[in-house]
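Me: I would like to go through the terms used for this model and see what each one rests on. Please set each value against its definition.

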Amino acid sequence: REVGAEQAQAGWRGWRDCWSVGHGRAVSMLEKYRPILRLSVWFIVTLPVHTLVVTYYQVLIATVSSVETYNGSVIAGAYVLAALVTLLPSRMEHYFESDSVHILLVVASTTCGILIFTMALSVNLSMVYTSFILYHCIFEFVLTVIYAAIAKRVPASSGQKKSFAMTFSFNIFLALSLQVLIQLIIGKQALALDIRSQFLCFGMIVLALAFGMVSSLLFSSCHFLPLAS
């Protein structure tokens with residue numbers, strides 16, 4: 001019995017030491033990559049949602065109006081306007097290193113979520129078109145800011161270019177994985193949602209992201225060091 005008790009105590013001490021080392025490393029990694037963590041999470045969640053919105057946008061339009069529409073012109077106009085909007089961050093370089101970029105993520109997530117909800121619920125074709133164009137421009141603008149902000153904040157200990165490439169490769173892998181998961185859940189394999197319900201689901205995901213961002217910012221302000229870049 002004494003031998004068994006000693007072995008149990010030794011096993012407990014070993015598990016405790018391993019947990020302490022692992023926890024310390026986890027905290028160290030969190031502190032090292034914390035400046036880009038929220039940026040990466042925003043990218044990972046919103047990219048698959050955006051891809052699905054753009055992919056199924058015309059299917060949604062068909063439920064609003066069965067007559068000849070201007071889908072092609074609206075999509076082309078949205079991409080042109082988004083391309084112009086993405087030029088704006090080139091004049092905001094100082095903004096990328098400030099903590100205000102996290103506030104931008106919250107505002108953008110909330111606005112995009114509301115616009116997706118508007119597309120899902122509206123029966124007015126002009127309203128759907130306007131919401132889509134605004135949503136697309138906001139997303140592309142913030143995505144450009146995200147790219148620049150991560151490039152500014154990514155750890156450069158092992159070479160900035162290498163770290164930057166690895167960060168985005170990992171983010172894109174997670175985003176594509178999440179996109180597949182969303183499609184499986186809302187598709188015929190699981191919930192089999194209609195197109196309007198799918199867009200409501202997209203909107204809820206983005207709004208949930210905004211809520212998570214706000215909670216994270218409040219938690220950091222109370223328990224962590226300031227959001228240093």
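The exchange below takes up the helices, burial, a cavity, the cysteines, a surface patch and one backbone angle.

Me: What kind of model is this, and how are residues numbered?
Reply: This is a predicted model, in which local features need pLDDT of at least 70 and side-chain atom pairs count only at pLDDT 80 or more, while totals for chains, interfaces and linings use all residues. Residues are numbered from 1 along each chain as its sequence is written, and side-chain values use heavy atoms, with hydrogens and water left out.

Me: What makes a stretch of this protein a helix, and how many helices are there?
Reply: Helices are DSSP runs of H or I with at least four residues, strands are runs of E with at least two, and both are numbered from the N terminus. By that rule the protein has six helices and zero strands. The pattern along the sequence is therefore written α-α-α-α-α-α.

Me: Why is Val 45 called buried?
Reply: Buried means under 20% relative accessible area, exposed means over 50%, and partly exposed is in between (1.4 Å probe, protein chains only). Val 45 has 16% relative accessibility, so Val 45 counts as buried. This residue belongs to helix α1. Its C-alpha is 7.4 Å from that of Leu 178, although 133 residues separate Val 45 and Leu 178 in sequence.

Me: Which class do Leu 217 and Ala 210 fall into, buried or exposed?
Reply: Leu 217, at 17%, counts as buried, and Ala 210, at 4%, also counts as buried. Leu 217 is in helix α6, as is Ala 210. The C-alpha atoms of Leu 217 and Arg 38 are 9.3 Å apart, with their positions 179 residues apart along the chain. For Ala 210 and Gly 113 the C-alpha separation is 8.6 Å, at 97 residues apart in sequence. Of the 229 residues of the protein, 37% count as buried.

Me: What makes a space in this structure a cavity, and how many are found?
Reply: On a 1 Å grid over the protein atoms alone, a cavity is a set of points where a 1.4 Å probe fits but cannot get out, and lining residues have an atom within 4 Å of a point. The search finds two cavities of 30 Å³ or more. The largest has a volume of about 40 Å³. Its lining includes Trp 42, His 50, Cys 112, Tyr 135 and Phe 139. Helices α1 (2-64), α3 (100-121) and α4 (125-153) each supply at least two lining residues, and α1 gives the most, with four.

Me: How many disulfides are there by the distance rule?
Reply: A disulfide is a pair of cysteine sulfur atoms within 2.5 Å. The count by this rule is zero. Cys 112 is buried, at 4% relative accessibility, and Cys 137 is buried at 11%.

Me: What makes Val 80, Leu 81, Leu 84 and Leu 87 a patch?
Reply: Patch residues have over 30% relative accessible area and no salt bridge; nonpolar side chains (Val, Leu, Ile, Met, Phe, Trp, Tyr) are joined within 5 Å, and like charges within 9 Å. A salt bridge is a side-chain nitrogen of Lys or Arg within 4 Å of a carboxyl oxygen of Asp or Glu. These four residues form a nonpolar surface patch with about 380 Å² of accessible area together, by the Shrake-Rupley method with a 1.4 Å probe. Val 80 is in helix α2 (residues 71-85).

Me: Why is Ala 192 called partly exposed?
Reply: Its relative accessible area is 49%, so Ala 192 counts as partly exposed. Ala 192 is in the loop between α5 (160-186) and α6 (195-223). Its phi is near 55°, a positive value in a residue other than glycine.

How values were computed:
1 Å grid on protein atoms, 1.4 Å probe; cavity = no way out; pocket = protein on both sides within 12 Å on 5 of 7 lines; lining within 4 Å. Points joined across faces, edges and corners; volume = space filled by probe spheres on them.
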